[in-house]
Amino acid sequence: MIVSPSLLSADFGNLQRDVEMLNNSQADWLHIDVMDGVFVPNISFGFPVLEYIQKYAKKPLDVHLMIVEPQKFVNEVKACGAEYMTVHYEACTHLDRVVNQIKDAGMKAGVSLNPHTPISVLEEIITEVDLVLLMSVNPGFGNQKFIPYSVDKVRKLKELITKTGSKALIEVDGGVNMETGKLLADAGADAVVAGSFVFKSENPAATIANLKTL
Ligand code: DX5
Ligand code: ZN
């Protein structure tokens with residue numbers, strides 16, 4: 001399993017320390033949640049903070065934009081060293097255009113779906129994207145309860161990817177722990193995001209190592 005710990009649950013007073021902990025752990029990617037208080041009912045952090053994450057991080061940055069009009073920020077996200085730039089389906093009127101802008105800028109393009117958004121909206125675009133980020137909580141906050149029907153969405157997405165020959169990875173975000181992670185792994189997830197489960201644990205590096213075994 002690809003493991004992408006979410007810095008939303010890190011200690012922002014000791015961000016460098018937490019990023020270095022992730023550098024020395026088995027984490028594959030660093031998940032970075034940008035929120036604007038419009039697309040989601042919360043504000044997290046923006047580009048000045050991402051610049052510092054980039055400065056210290058030695059792993060690929062998996063940037064999840066929970067903002068309206070994400071197409072306006074493709075260059076800024078690229079400048080922050082993102083490997084994956086993931087935008088919400090629900091925030092993009094012209095999703096095909098945004099996906100191409102992200103790829104033209106030299107990043108991998110991710111599309112995220114809110115819990116209630118069906119997999120079928122990806123039928124046409126699935127062969128164009130590098131990653132699908134399925135939200136297994138309503139985005140905006142860490143430490144929420146996993147929505148059980150997300151497991152079925154992973155199965156449906158896996159079917160669509162297999163049927164179309166898409167190379168997209170399936171990543172799941174929200175309420176991931178060893179129990180929900182096992183259900184997601186069995187359903188076909190390639191990657192999991194984990195925020196509170198990692199950072200609120202006694203030994204975050206050991207928790208990441210456990211998630212790697214899923
Ligand atoms: C929620 C964010 C998540 C969040 C996950 O809107 O997209 O990445 O950090 O937190 P946990 O793992 O605590 O549910
Ligand atoms: Zn996220």
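**Figure 1. Pro70, a buried proline in a loop.** Pro70 is buried, with a relative accessible area of 0%. The model shown here, and in every view below, is predicted. Pro70 belongs to the loop that runs between β3 and α3 (74-79). Val98 is 28 residues away from Pro70 in sequence. In space, the C-alpha atoms of Pro70 and Val98 are 8.0 Å apart. Pro70 counts as buried because its relative accessible area, 0%, falls under the 20% cut-off.

**Figure 2. Glu69, with a positive phi.** Glu69 shows a phi near 50 degrees, a positive value in a residue other than glycine. Most residues other than glycine have a negative phi. Glu69 is placed in the loop between β3 and α3. Pro70 is found in that loop too. How accessible is Glu69? Its relative accessibility is 38%, so Glu69 counts as partly exposed. Pro70, by contrast, is buried.

**Figure 3. Ile119, a buried residue between two strands.** Ile119 is found in the loop that links β5 (108-113) and β6 (131-135). Is Ile119 buried or exposed? It counts as buried, at 7% relative accessibility. Val154 lies 35 residues from Ile119 in sequence. Their C-alpha atoms are 8.8 Å apart.

**Figure 4. Tyr52 on helix α2.** Tyr52 is part of helix α2, which spans residues 47-56. Its relative accessible area is 49%, so Tyr52 is partly exposed. Exposed would require over 50%. Gln16 and Tyr52 are 36 residues apart in sequence. From C-alpha to C-alpha, Tyr52 and Gln16 are 8.0 Å apart.

**Figure 5. Ligand 1 in its pocket.** Ligand 1 occupies the largest pocket. Which elements give two or more residues to the shell around ligand 1? They are β2 (30-35), β3 (61-66) and β8 (191-194). β2 supplies the largest share, three residues. The shell divides into eight nonpolar, ten polar and two charged residues. There are 20 residues around ligand 1. Gly140, Asn143, Asp173, Gly195 and Ser196 come nearest.

**Figure 6. Short distances to the oxygen atoms of ligand 1.** Three residues are picked out in this view. From Asp173, a polar side-chain atom lies 2.7 Å from an oxygen atom of ligand 1. Gly175 uses its backbone: an N or O atom lies 2.8 Å from an oxygen atom of the ligand. From Ser196, a polar side-chain atom is 2.5 Å from an oxygen atom of ligand 1. How much of ligand 1 does the protein cover? On its own, the ligand has 380 Å² of accessible area, and the protein covers 100% of it.

**Figure 7. Ser196 and Asn143, joined by their side chains.** Ser196 lies in helix α7, residues 196-199. Asn143 has its place in the loop between β6 and α5 (150-164). A polar contact of 3.4 Å joins the two side chains. Both residues are among those that come nearest to ligand 1. Ser196 also puts a polar side-chain atom 2.5 Å from a ligand oxygen. Which of the terms buried and exposed fits Ser196? Ser196 is buried, because its relative accessible area is 17%. Asn143 is exposed, because its value is 65%. Asn143 also has a positive phi, about 60 degrees, although it is not a glycine.

**Figure 8. Pro139, in the loop between β6 and α5.** Pro139 is found in this loop, and so is Asn143. Is Pro139 buried or exposed? Pro139 is buried, with a relative accessible area of 11%. Asn143 is exposed, at 65%. How far is Pro139 from Asp186? The pair is 47 residues apart in sequence. In space, Pro139 and Asp186 are 23 Å apart, C-alpha to C-alpha.

How values were computed
Residues are numbered from 1 along each chain as its sequence is written. Chains are lettered from A and ligands numbered from 1 in the order in which they are written. This is a predicted model: local features need pLDDT of at least 70, side-chain atom pairs count only at pLDDT 80 or more; totals for chains, interfaces and linings use all residues. Side-chain values use heavy atoms; hydrogens and water are left out. A residue is near a molecule or strand if one of its heavy atoms lies within 4 Å of it. A polar contact is a pair of N or O atoms within 3.5 Å; within protein, one must be able to donate a hydrogen and the other to accept it, and residues adjacent in sequence count only if both atoms are side-chain atoms. Accessible areas come from the Shrake-Rupley method with a 1.4 Å probe; for residues, only the protein chains shown count as cover. On a 1 Å grid over the protein atoms alone, a cavity is a set of points where a 1.4 Å probe fits but cannot get out, and a pocket is an open set with protein on both sides within 12 Å along at least five of seven lines; lining residues have an atom within 4 Å of a point. A molecule sits in a cavity or pocket if more than half of its atoms lie within 2 Å of its grid points. Helices (H or I, at least four residues) and strands (E, at least two) are DSSP runs, numbered from the N terminus. Ala, Val, Leu, Ile, Met, Phe, Trp, Tyr, Cys and Pro count as nonpolar, Asp, Glu, Lys and Arg as charged, and the others, Gly among them, as polar. Buried means under 20% relative accessible area, exposed over 50%, partly exposed in between (1.4 Å probe, protein chains only).
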